[in-house]
Amino acid sequence: MVSKTKQAGLTATVVMLAAASLAGQPAQAYGPVANSLGCRLYFTDAGTGISPTTWNDTFGLTLSPAQPSPGQTVTVTLTAAAGPTNGPSPLVAGDVPVVVAVDLGGVASGTVTLNLAGYPASAKDPYTPLGSITATGTFVAGAAGAATATVRQVKFANTTAATYCSNAGDRDQKASPEPTTIVEEFTVFDGATTITSVTGQTVSTHARAGNTINFAVTGLAPNAALTASLKDSTGAGTGEGSGSGSTTATGSGTGTLVVPAAPTPGARTLVVSDGVNSVSKPITILGTPTVSINPHGGGAGTSVAVTGTNWNPGSSVTIGGYKPLAGPPPPLSTSDTKVTVTASASGGIGGSFTVSDPTTAYVGASAGFGPSTLFAIAGWTVSPDSCASPCPLAYNLTQVVTGGSLAMARTAGSSNISLSGITLNGSVQESSGTLSALTVTDYRGSTFGWSLVATLSDFTGTPGGTISKANLFWSPLCVSTPGATNAVTAVAGSAGPVDAATLCSAPADPAGTGGSFDASAALALTVPANQLAGNYTATLTITLS
């Protein structure tokens with residue numbers, strides 16, 4: 001069927017393999033099932049085609065997901081178990097790329113192009129099978145409703161002699177191919193469910209045994225009876241619970257599901273079905289509440305970090321001390337001051353609790369009232385810090401000193417510096433100005449020094465002209481900020497050209513540095529005698545490092 005010919009006019013022969021088994025392959029929506037396509041050979045991919053043949057094979061057509069939602073990307077896969085048999089000329093790997101045109105119908109429209117570039121997978125001798133085919137392509141699902149995917153044409157794109165296949169008995173498989181009978185029907189489904197509330201909870205994202213999950217659905221069958229259950233995080237597995245509900249004539253509806261006793265805790269999925277289609281919503285099933293403490297023992301006044309899981313999200317949880325258990329739980333409370341915390345959105349708790357009562361045997365947490373009370377405890381070991389005289393008690397003192405930042409600031413509105421204007425008189429002149437004080441604060445608490453270094457651009461005139469940056473000089477001044485307590489003395493830079501010069505700096509000191517310093521400078525610009533008249537601007541940048 002597929003041949004790489006060596007001269008014009010050589011006819012390629014087509015010998016089809018018998019249908020091969022696809023045992024072990026995943027189930028397909030269409031097939032795998034035996035079918036036949038009509039094929040013709042087109043030299044240089046032109047003309048009306050010659051050598052009409054029939055391709056008998058086992059074909060499968062898959063859509064994944066099989067029931068997409070609007071806007072979801074769908075992967076279309078065409079498989080052929082055997083593939084064609086080569087003609088009289090040998091082929092190298094990838095000599096016959098496969099291109100498949102799949103037409104969408106029903107609520108869907110357009111053509112999906114499937115490709116298998118590296119075909120055959122290895123070099124093939126004349127009259128040997130080319131091997132199985134798996135060609136894939138994608139499309140984006142549109143509006144909800146019934147749709148079809150139909151294989152219209154399969155092209156074996158050999159550059160010397162391309163082969164086109166379409167429906168068996170077709171007269172011109174290339175120019176006007178007749179769609180094949182490889183057709184997969186599918187549905188674009190736009191149903192959804194939401195959890196409107198959960199009895200016993202202040203949130204709709206979590207539930208526990210005995211809670212009733214109230215749900216609403218849209219896009220399901222009209223006037224249908226609904227069933228609901230809890231499945232694993234992917235919406236699969238064995239369902240737990242038996243919920244029910246119904247839809248109206250519009251396909252919208254409501255229902256309830258009571259979480260069964262001893263449900264599987266953790267990430268779960270509420271799955272609602274109308275008997276044909278299902279919709280789902282993630283939900284977390286809470287397990288038995290827990291409490292953990294750190295440390296697990298100590299003397300009077302010990303602060304204890306208390307954490308826990310599987311509490312009702314948003315609920316108030318009371319942490320307290322409890323005496324040894326002398327009967328059915330919970331045990332009696334001790335005189336320790338109780339602490340109330342709020343469970344997080346995931347059902348976790350955290351807080352600090354102080355144990356003062358020497359009779360405390362447990363640190364526990366409780367929430368709710370009556371039969372619905374949640375309770376958990378962790379054992380506490382009393383270890384009083386006491387001794388008989390004479391004896392020493394050692395204390396460790398700690399002090400955290402956190403360093404601040406190295407920063408600088410200037411007075412608001414001081415970013416523009418206007419030098420004194422001049423009137424040309426045939427002589428070199430000098431204009432003047434002032435770099436207002438900027439304040440450097442070094443609160444790092446380190447031994448490092450710092451410096452202020454200038455960079456300057458040339459003065460550019462409007463409408464023209466340039467004054468070199470080398471013509472701007474300064475006389476730096478660097479002093480302590482009034483009222484500041486400084487660990488070092490800052491040093492003003494040298495008078496001279498501004499560009500790349502230091503305005504002010506403070507040295508490193510192994511004994512420590514820091515403080516607040518004000519840096520400023522008097523500016524002087526040398527203006528050449530015959531400078532072009534105009535308004536000149538330059539950019540002065542002071543960098544702290």
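Is F156 buried or exposed? F156 is buried, with a relative accessible area of 0%. Keep that residue in mind. We will come back to it twice.

A word of caution before going on. This is a predicted model. Across the protein, pLDDT averages 90, and 93% of the residues score at least 70. Two stretches need care. Over residues 2–28, pLDDT stays under 50. The model does give that stretch 66 contacts beyond four places in sequence. Residues 386–391 also stay under 50, and there the model has 1 contact beyond four places. Please don't read detail into either stretch.

Now the aromatic rings. How many aromatic pairs are there? The count comes to 7. Let me take one that includes F156. Its partner is Y119. The ring centres are 6.4 Å apart and the planes sit at 40 degrees, so this pair is tilted. Why tilted, and neither stacked nor edge-to-face? Stacked needs planes under 30 degrees apart, and edge-to-face needs over 60. An angle of 40 degrees falls in between, so tilted is the class that is left.

Where do these two residues sit? Y119 is in the loop between strand 5, residues 111–116, and strand 6, residues 133–140. F156 is in strand 7, residues 145–156. They are 37 residues apart in sequence, so the pair ties together separate parts of the chain. Y119 has 2% relative accessibility, so Y119 counts as buried too.

Here is a second pair. F139 and F186 are also tilted, at 6.1 Å centre to centre and 55 degrees between the planes. F139 belongs to strand 6 and F186 to strand 9, residues 183–188. That pair links distant parts of the chain, 47 residues apart. Both of its members are buried, F139 and F186.

Back to Y119 and F156. Ring pairs link them with W55 and F59 into a cluster.

That brings us to the nonpolar cores. The largest has 36 residues. Which residues have the most contacts inside it? They are W55, V100, V154 and F156. So W55 and F156 turn up in the ring cluster and on this list. Eight strands are worth naming here, because each supplies at least two residues of this core: strands 1, 2, 3, 4, 5, 6, 7 and 9. Strand 7 gives the most, with 5 residues. As a general point, nonpolar side chains in soluble globular proteins tend to be buried together.

Another core lies apart from this one. It has 28 residues, including I467, V488, L503 and L523.

Next, the cysteines. The whole structure has 2 disulfides. One joins C39 to C165, S to S 2.1 Å. The angle about the S-S bond is 110 degrees, and the link is right-handed. C39 lies in strand 1, residues 30–43, and C165 in strand 8, residues 161–167. They are 126 residues apart in sequence, so this bond ties together parts that are far separated along the chain. Both cysteines, C39 and C165, are buried.

The other disulfide is C478 with C504. Their sulfur atoms are 1.7 Å apart. This link is left-handed, with -45 degrees about the S-S bond. C478 sits in strand 32, residues 472–480, and C504 in strand 35, residues 502–506. The separation in sequence is 26 residues. C478 and C504 are buried as well.

Strand 32 leads to a sheet. Which strands form it, and in what order? Five strands make an open sheet, ordered 27-28-36-32-34, with antiparallel pairing. The edges are strand 27, residues 406–410, and strand 34, residues 496–497. Each edge strand pairs on one side only. Inside the sheet, strand 32 pairs with strand 36, residues 515–527, over 9 bridges. Within that sheet, W474 stands opposite L523 in strand 36. L523 is a name you have heard already, as one of the residues of the 28-residue core.

Last stop, a serine. S229 lies in strand 13, residues 225–231. At 12% relative accessibility, S229 counts as buried. What does S229 touch beyond its neighbours within four places in sequence? The contacts are G239, E240, G241, L257, T269, L270 and V271.

Notes:
Residues numbered from 1 in each chain as written. Predicted model: local features only at pLDDT ≥ 70, side-chain atom pairs only at ≥ 80, totals over all residues. Heavy atoms only, no water. Phe/Tyr/Trp six-rings, centres within 6.5 Å; stacked < 30°, edge-to-face > 60°. Helix = DSSP H or I, 4+ residues; strand = E, 2+ residues; numbered from the N terminus. Buried < 20%, exposed > 50% of the residue type's maximum accessible area, 1.4 Å probe, protein only. Disulfide = S-S within 2.5 Å. Core = buried A, V, L, I, M, F, W, Y, C linked by side-chain atoms within 4.5 Å. Pairing = 2+ DSSP bridges. Contact = heavy atoms within 4.5 Å. pLDDT = per-residue confidence, 0-100.
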